[in-house]
Amino acid sequence: MQHVPSEIPDGFYLVDDSEGPQPEFQQAILAAVAKVTHIASADREGKIIGSSMVAPGVINYPLKQLGLCASITPAPYKTTTEVYPDSPRVTPEQCNAAQAAAVRAAIDFALAHHAPPIRA
């Protein structure tokens, strides 16, 4: 398969697990991050990094199959966060703040929704 480069997304976005999607979790994170920086829009083809969005700022991949970072845990709530500091619309500090907001929102969501214990 030949690699076809796509546009670098301008803004923050999430990669959910297509094998166990958690759309409410993803939306909680995006709501918090949107207070800090902008959420990535789709490119000219309506995609982010070549994948169709399942919701604004969210794409799905089979995390375990692709060996993505979020696949190392069987936790029910997981995601991969992406933000590029080379956007003309943000500073590196805003990118860091966006990642911190994502972590806080993820923890708050898991606590509020009484995530079941992780079983390996």
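This section describes helix 1, strand 1 and their surroundings, followed by a surface patch on helix 3. The structure is a predicted model, in which local features require a pLDDT of at least 70 and side-chain atom pairs a pLDDT of 80 or more, whereas totals for chains, interfaces and linings use all residues. Residues are numbered from 1 along each chain as its sequence is written, and side-chain values use heavy atoms, with hydrogens and water left out.

Secondary structure follows DSSP runs numbered from the N terminus, with helices (H or I) of at least four residues and strands (E) of at least two. Helix 1 spans residues 23-33, and its buried residues (buried: under 20% relative accessible area; exposed: over 50%; partly exposed: in between; 1.4 Å probe, protein chains only) are Phe25, Gln26, Ile29, Leu30 and Val33. Viewed down the helix axis, these buried residues fall within an arc of 130°, so they line one face of helix 1; the arc is that of the directions from the helix axis to the C-beta atoms. The cover over the buried residues includes strand 1, strand 4 (58-61) and helix 3. Alanine 32, also found in helix 1, is in contact (heavy atoms within 4.5 Å) with Ala101 and Ala105, residues up to four places away in sequence not being counted. The C-alpha atoms of alanine 32 and alanine 97 are separated by 11 Å, although the two residues are 65 residues apart along the chain.

Leucine 14 is found in strand 1 and is buried, with a relative accessible area of 0%. Beyond its neighbours within four places in sequence, leucine 14 is in contact with residues including Gln26, Ile29 and Leu30, as well as Val58, Ile59 and Thr79. The C-alpha atoms of leucine 14 and valine 83 lie 8.9 Å apart, with a sequence separation of 69 residues.

Threonine 79 is located in the loop between helix 2 (63-66) and strand 5 (80-82). The side chain of threonine 79 makes a polar contact of 2.7 Å with the side chain of glutamine 26. A polar contact is a pair of N or O atoms within 3.5 Å; within protein, one must be able to donate a hydrogen and the other to accept it, and residues adjacent in sequence count only if both atoms are side-chain atoms. A polar atom of the threonine 79 side chain also lies 3.2 Å from the backbone oxygen of valine 15.

The structure holds 1 salt bridge (a side-chain nitrogen of Lys or Arg within 4 Å of a carboxyl oxygen of Asp or Glu). It joins the side chains of aspartate 17 and lysine 78 at 3.9 Å, N to O. The pair links distant parts of the chain, 61 residues apart: aspartate 17 belongs to strand 1 (residues 13-17), and lysine 78 to the loop between helix 2 and strand 5. Both residues, aspartate 17 and lysine 78, are buried.

Histidine 38 occupies the loop between helix 1 and strand 2 (47-48) and is buried, with a relative accessible area of 14%. Its side chain makes a polar contact with the side chain of aspartate 10 at 2.8 Å.

On the surface, Val103, Ile107 and Leu111 make a nonpolar patch of about 300 Å². Patches are made of residues with over 30% relative accessible area and no salt bridge, like charges being joined within 9 Å and nonpolar side chains (Val, Leu, Ile, Met, Phe, Trp, Tyr) within 5 Å; accessible areas come from the Shrake-Rupley method with a 1.4 Å probe, and for residues only the protein chains shown count as cover. Isoleucine 107 lies in helix 3 (residues 92-112) and is partly exposed, with a relative accessible area of 47%.
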